[in-house]
Amino acid sequence: MREMSRGFRAMNTDVLVAIVVNGGQQATEEAVNAVNEVETLFDTIEATLSRFRPESELSRLNHSAGAPFRGSPLLLAAVEEALEAARMTDGLFDPTILAALVAAGYDRSFERLAEAPERPSNLTGEACAYCWRDVRLDRQAGTITMPVPCGLDLGGIGKGWAVDRARERIRAFRNFAVDAGGDIYASGTQADGRPWTVGIEDPAEPNQDLLILEVQDRAVATSTVARRRWRQGGHEQHHLIDPRTGRPAESGVMQATVVADTVVRAEILAKVALLFGPEEGVRFLDQQVEAEGILVLADGRLAPSAGFPAG
């Protein structure tokens with residue numbers, strides 16, 4: 001038993017795929033081919049769902065507001081999952097916050113944003129219009145119809161959705177892990193039979209781990225306001241918009257980490273818990289089935305939900 005791993009760059013983050021190989025040269029070649037498939041999958045998902053690529057399907061969908069847009073099965077599946085997340089959270093997870101993100105200055109990929117000069121603020125402070133309720137997805141016709149004006153941003157689940165799809169591609173190996181910038185699915189065990197270990201970064205000290213989790217057949221995702229920050233209108237902004245205010249969240253929570261059955265679900269629960277704030281966020285996590293989490297508060301205190309598996 002040995003571990004074969006390889007990293008690559010996709011979705012503006014570092015992706016690492018590790019597969020435990022049990023066998024000789026043929027098994028190794030099968031694992032290499034599987035990692036190649038995962039890398040191609042990530043490239044395809046990014047090319048389809050990136051709002052920063054004008055030629056992507058998502059960009060073309062966002063420019064088609066008011067008219068039915070015929071989408072690929074990949075686009076339809078991702079949008080359907082994002083809309084379902086909005087319904088489940090009554091819009092606190094909102095994929096139609098594109099206008100608020102742009103108003104906050106997040107109008108280009110983050111590596112380009114960091115180099116851009118500071119600009120005046122366009123934030124209105126108004127709550128988002130909840131136009132996710134009016135997006136129409138017709139599976140039979142293969143179309144999505146967006147109301148005017150409305151725009152989708154799938155960055156809130158994009159990486160997690162890609163990891164979950166990668167997991168499906170390589171599940172035959174049984175023992176593997178896929179990590180896309182901290183959005184992780186770990187299946188089975190490491191080569192030595194021990195559970196996979198996942199470090200939870202300290203938002204105050206990015207080069208240090210706050211906690212180490214042992215994970216087996218589980219997903220882990222972290223949502224934080226400590227990273228992806230920039231200045232606009234004389235103030236620091238970040239990418240996590242609160243749909244109730246139309247502004248970057250100020251909930252008293254710096255970071256939320258959730259362990260769940262899928263990475264998309266962990267991502268959604270982490271974002272919602274962070275937006276709810278310390279007390280309501282923990283209550284929200286306590287109500288979830290097969291999911292646990294921990295919040296890092298603005299003052300550095302930790303607030304775990306019941307049963308959080310800290311190691």
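Is Phe-8 buried or exposed? In this predicted model, Phe-8 has a relative accessibility of 8% and therefore counts as buried, since that value falls under the 20% cut-off.

**Aromatic pairs**

Phe-8 also takes part in a ring pair, and a search of the whole structure finds two aromatic pairs. In one of them, the rings of Phe-8 and Phe-42 have centres 5.7 Å apart and planes at 70°, so this pair is classed as edge-to-face. Because Phe-8 belongs to strand β1 (residues 2-10) while Phe-42 belongs to helix α1 (residues 25-49), the pair ties together parts that lie 34 residues apart in sequence. Phe-42, with a relative accessible area of 0%, is buried.

The other pair joins Phe-276 and Phe-284, whose ring centres are 5.4 Å apart and whose planes meet at 55°, so the pair is tilted. Phe-276 is partly exposed, at a relative accessible area of 24%, whereas Phe-284 is buried, at 14%.

| Aromatic pair | Distance between centres | Angle between planes |
|---|---|---|
| Phe-8 and Phe-42 | 5.7 Å | 70° |
| Phe-276 and Phe-284 | 5.4 Å | 55° |

**Helix α6 and charges over rings**

Helix α6 (residues 158-170) consists of 13 residues and reaches 19 Å from its first C-alpha to its last, which is close to the 18 Å expected at 1.5 Å a residue. Of these 13 residues, 10 are buried, so the helix is largely enclosed by the rest of the structure. Among the buried residues of α6 are Trp-161 and Arg-165, and these two are also linked by their side chains, as the charged end of Arg-165 sits over the ring of Trp-161, 4.6 Å from its centre. In an α-helix there are 3.6 residues a turn, so residues three or four places apart point the same way.

The elements that cover the buried residues of α6 include the strands β2 (13-21), β6 (176-180) and β7 (183-187), together with the helices α1, α3 (73-88) and α7 (263-276). A second arrangement of a charge and a ring involves Arg-167, whose charged end sits over the ring of Tyr-185 at 4.1 Å from its centre.

**The loop after α1**

Ser-50 is found in the loop between α1 and α2 (57-62), and with a relative accessible area of 12% this residue is buried. When neighbours within four places in sequence are left aside, Ser-50 is in contact with Ile-45, Ser-56, Leu-58 and Ser-59.

Terms used. Residues are numbered from 1 along each chain as its sequence is written. This is a predicted model: local features need pLDDT of at least 70, side-chain atom pairs count only at pLDDT 80 or more; totals for chains, interfaces and linings use all residues. Side-chain values use heavy atoms; hydrogens and water are left out. Rings of Phe, Tyr and Trp (its six-membered ring) pair if their centres lie within 6.5 Å; planes under 30 degrees apart count as stacked, over 60 as edge-to-face and the rest as tilted. Helices (H or I, at least four residues) and strands (E, at least two) are DSSP runs, numbered from the N terminus. Buried means under 20% relative accessible area, exposed over 50%, partly exposed in between (1.4 Å probe, protein chains only). A charge sits over a ring if NZ of Lys or CZ of Arg is within 6 Å of the ring centre and within 35 degrees of the ring normal. Contact means heavy atoms within 4.5 Å. The expected span of a helix is 1.5 Å times one less than its number of residues.
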